Amino acid sequence: QVQLVESGGGLVQAGGSLRLSCAASGTIFGINYMGWYRQAPGKQRELVASITRGGSTNYADFVKGRFTISRDNAKNTVYLQMNSLKPEDTAVYYCNADIGSDRYTLLNYWGQGTQVTVSS
C-alpha cells in the first residue's frame, strides 16, 4: 500500500513563505515523476510544478520565479518552497507521483491535500 502524505500548509500573510513536503511511504520500488497541483474553490485542479527523478523541473507560469520544487530521492520526498505568496495562491495543494511498487507496476497516486491560505 503506497501513500503520499503532505505537510507544511497553513495561513500566511501576502509576501510570506511556506514550504510544503510530501513523503511517499509503503512498498516502493522507484518513483519517477513527482508534482504539486492546487485547487481553489470553484476552480479546476491545476499543475503548479513537477520534477523528474533526474531533477528536471517544470513550472506553471503563475509561479515562475516564486516557487521552487525539489526532491530527495533517498527519502522519497518532494518539496515545494513557496515565496512571495499572493492571496490568489490560496488553494488546497496536492502531491502527485508515479510510483512503482515493483519492477513491472507503475501507478499514479495523489496525496490528501494540504490547505494554503494567503491573507491580504
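**View 1. The hairpin of β5 and β6, with Gly-55 in its turn.** In this predicted model, the hairpin of β5 and β6 has 5 residues between its strands, and Gly-55 takes a positive phi near 105° there. The two strands run antiparallel, and 3 bridges join β5 to β6, which covers residues 57-59. If you want a spot to start from, pick Ser-50: this residue stands opposite Asn-58 in β6.

**View 2. The hairpin of β4 and β5, with Gly-42 in its turn.** Step back along the chain and β5 turns up again, now with β4 as its partner. Strand β4 (residues 30-39) and strand β5 (residues 46-51) pair in the antiparallel sense, with 5 bridges between them. Which residue of β5 is the bridge partner of Gly-35? That's Ser-50, the residue that stands opposite Asn-58 in β6. So much for the strands; now the turn. Here 6 residues sit between the strands, and Gly-42 takes a positive phi near 80°.

**View 3. The disulfide of Cys-22 and Cys-95.** How many disulfides does a search of the whole structure find? Just 1, formed by Cys-22 and Cys-95, with their sulfur atoms 2.1 Å apart. The torsion about the S-S bond is -80°, which goes with a left-handed link. Cys-22 belongs to strand β3 (residues 18-25) and Cys-95 to strand β9 (residues 91-100), so the pair ties together parts that lie 73 residues apart in sequence. Buried or exposed, these two cysteines? Both Cys-22 and Cys-95 are buried.

**View 4. Ser-21 and its contacts.** Right beside Cys-22 in the numbering comes Ser-21, also placed in strand β3. Ser-21 has 18% relative accessibility, and the cut-off for buried is under 20%, so this serine counts as buried. Who's around it? Once neighbours within four places in sequence are set aside, Ser-21 is in contact with Val-5, Glu-6, Ser-7, Trp-36, Val-78 and Tyr-79. Keep an eye on Trp-36 in that list, since this tryptophan shows up again in the nonpolar core.

**View 5. The salt-bridge network around Arg-38 and Asp-89.** The count for the structure comes to 4 salt bridges, and this view takes in three of the pairs, listed here.

- Glu-46 with Arg-38: the closest N and O atoms are 2.9 Å apart.
- Asp-89 with Arg-38: the closest N and O atoms are 2.9 Å apart. This pair links distant parts of the chain, with Asp-89 in the loop between β8 (77-82) and β9 and Arg-38 in strand β4, 51 residues apart.
- Asp-89 with Arg-66: the closest N and O atoms are 2.7 Å apart. Distant parts are linked here too: Asp-89 is in the loop between β8 and β9, Arg-66 is in the loop between β6 and β7, and 23 residues separate them.

Through shared partners, salt bridges join Arg-38, Glu-46, Arg-66 and Asp-89 into one network. How does burial look across the group? Arg-38 is buried, with a relative accessible area of 7%, and Asp-89 counts as buried at 1% relative accessibility. Arg-66 is buried as well. Glu-46, on the other hand, is partly exposed, with a relative accessible area of 31%.

**View 6. Gly-65 in the loop between β6 and β7.** Now for a residue out in the open: Gly-65 sits in the loop between β6 and β7 (67-72). At 84% relative accessibility, and with exposed meaning over 50%, this glycine counts as exposed. For a distance to check in your viewer, try Gly-65 to Met-82: their C-alpha atoms are separated by 9.7 Å, and the two are 17 residues apart along the chain.

**View 7. The largest nonpolar core, with Tyr-93 and its contacts.** The largest nonpolar core has 31 residues, and those with the most contacts inside it are Trp-36, Leu-80, Met-82 and Tyr-93. Elements giving two or more residues to this core are β3, β4, β5, β7, β8, β9 and β11 (114-119). Which of the elements gives the most? β9 does, with 5 residues. Zoom in on Tyr-93 and, not counting residues up to four places away in sequence, you'll find that its contacts include Trp-36, Leu-80 and Met-82. Others that Tyr-93 touches, among them Leu-20, Tyr-37, Val-48, Phe-67 and Val-116, are there too. Arg-38 is also one of the residues Tyr-93 touches, which links this view back to the salt-bridge network.

Methods: Residues are numbered from 1 along each chain as its sequence is written. This is a predicted model: local features need pLDDT of at least 70, side-chain atom pairs count only at pLDDT 80 or more; totals for chains, interfaces and linings use all residues. Side-chain values use heavy atoms; hydrogens and water are left out. Two strands pair if DSSP finds at least two bridges between them. Helices (H or I, at least four residues) and strands (E, at least two) are DSSP runs, numbered from the N terminus. A disulfide is a pair of cysteine sulfur atoms within 2.5 Å. Buried means under 20% relative accessible area, exposed over 50%, partly exposed in between (1.4 Å probe, protein chains only). A salt bridge is a side-chain nitrogen of Lys or Arg within 4 Å of a carboxyl oxygen of Asp or Glu. Contact means heavy atoms within 4.5 Å. A nonpolar core is a set of buried Ala, Val, Leu, Ile, Met, Phe, Trp, Tyr and Cys residues joined through side-chain atoms within 4.5 Å.
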